[in-house]
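Visitor: I have just opened this structure and would like a guided look at it. Could you show it to me and explain how its features get their labels?

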Amino acid sequence: MILLYPDPFLTKVVPQSTAVGCKDISNMFEVMNEHNAIGLAANQIGLSVRVIVVKPWWVFINPVITKSKGTIKLNEQCLSVPGDFEVTRAREIEIECQTSRFKPCKYEFSGIEACIIQHEIDHLNGILINDRT
Ligand SMILES: [Zn+2]
């Protein structure tokens, strides 16, 4: 079940994770696909783990933005906050995170993918799109 604004759980910072159940990750994909979303943060479904999933198959654990460049303005939607919001974000990002097996990794994203990942990392930090406008 998706938590909706103003549920106080959504504005809490999720602590670093040292273990994440496979079941939690598969639940996240299930909810994301069920709602036709392109990304989901664990705390949106009430899980206190620092995990985001992004279509088609990305799983990022403890993601941190380590570099960002440029700006891009897009209309965003969120399963937890009904409506359309115009949000300005970094156009290019580099993130460091762990895989589902806690292997450290580093990725670069740009454009829409970069925006989705920033949106989902915001969730883990208790920030919603209505705070970004
Ligand atoms: Zn969202």
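## A guided tour

Guide: Let us begin inside the sheet, where E92 has S110 in β7 as its bridge partner. Please keep in mind that this is a predicted model.

Visitor: What does α1 touch when it packs on the sheet?

Guide: Helix α1 touches β1, β2 and β3, and its direction makes about 45 degrees with that of β2. Helix α2 packs on the sheet as well, touching β1, β2, β3, β6 and β7. The direction of α2 makes about 20 degrees with that of β1.

Visitor: How do you know which strands pair in this sheet?

Guide: Two strands pair if at least two bridges are found between them. Strands β6 and β7 have seven bridges and run antiparallel, so they meet that cut-off. Within this pair, E94 has E108 as its bridge partner. Strands β3 and β6 are joined by six bridges, again antiparallel, and there S68 stands opposite I93.

Visitor: What makes β1 and β7 the edges?

Guide: The open sheet has five strands in the order β1-β2-β3-β6-β7, with antiparallel pairing. Because β1 and β7 each have a single partner strand, one side of each is left without a neighbour in the sheet. From one strand to the next, the twist averages 40 degrees.

Visitor: What joins β4 to β5?

Guide: A hairpin does, through two residues. Strand β4 (residues 72-78) and strand β5 (residues 81-89) run antiparallel and share six bridges, with L74 opposite V87. Another hairpin is formed by β6 and β7, with five residues between them. In its turn, F102 has a positive phi of about 60 degrees.

Visitor: What pattern does the chain follow along the sequence?

Guide: It reads α-β-β-β-β-β-β-β-α-α, which gives three helices and seven strands.

Visitor: How do you know that the radius of gyration agrees with a compact globule?

Guide: For 133 residues, a compact globule would have a radius of gyration near 14 Å, and the chain has 14 Å, so the two agree. The C-alpha atoms fill a box of roughly 35 × 30 × 25 Å along the principal axes. Among contacts between residues at least 6 apart in sequence, 64% join residues at least 24 apart.

Visitor: How do you know that the length of α2 fits a helix?

Guide: Helix α2 covers residues 111-124, which is 14 residues. At 1.5 Å a residue, they should span 20 Å; the end C-alpha atoms are 21 Å apart, so the value agrees. After this helix comes G126, whose phi is positive, near 75 degrees.

Visitor: Why is α2 called mostly covered?

Guide: A residue counts as buried if 20 or more other C-beta atoms lie within 10 Å of its own. In α2, 10 of the 14 residues are buried, including A114, I117 and L124. For the chain, buried residues make up 31% of the 133 residues.

Visitor: Which residues touch the most other members of the largest nonpolar core?

Guide: They are M28, L40, V51, I52, V53 and I117, in a core of 23 residues. The elements giving two or more residues to this core are α1, β1, β2, β3, β6 and α2. The largest share, six residues, comes from α2. Leaving aside residues up to four places away in sequence, V53 touches I25, M28, F29, M32, G39, L40, W58 and V59.

Visitor: Is N62 buried or exposed?

Guide: Residue N62 has 20 C-beta neighbours inside 10 Å, so it counts as buried. It lies in strand β3 and has a positive phi of about 50 degrees although it is not a glycine.

Visitor: And is N36 buried or exposed?

Guide: A residue is exposed if 12 or fewer other C-beta atoms lie within 10 Å. Residue N36 has 8, so it is exposed. Its place is in the loop between α1 and β1, and its phi is positive, about 55 degrees.

Visitor: Where are the cis peptide bonds between Y5 and P6, and between K55 and P56?

Guide: Most peptide bonds are trans. The cis bond joining Y5 and P6 has an omega of about 5 degrees, and P6 is in the segment before α1. The cis bond joining K55 and P56 has an omega of about 0 degrees, and P56 is in the loop between β2 and β3.

How values were computed: Residues numbered from 1 in each chain as written. Predicted model: local features only at pLDDT ≥ 70, side-chain atom pairs only at ≥ 80, totals over all residues. Helix = DSSP H or I, 4+ residues; strand = E, 2+ residues; numbered from the N terminus. Expected span 1.5 Å × (residues − 1). Rg over C-alpha atoms; globule rule 2.2 N^0.38 Å. Contact = placed C-beta atoms within 7 Å. Core = buried A, V, L, I, M, F, W, Y, C linked by C-beta atoms within 7 Å. Axes fitted to C-alpha atoms, helices over the stretch in contact; angles between N-to-C directions.
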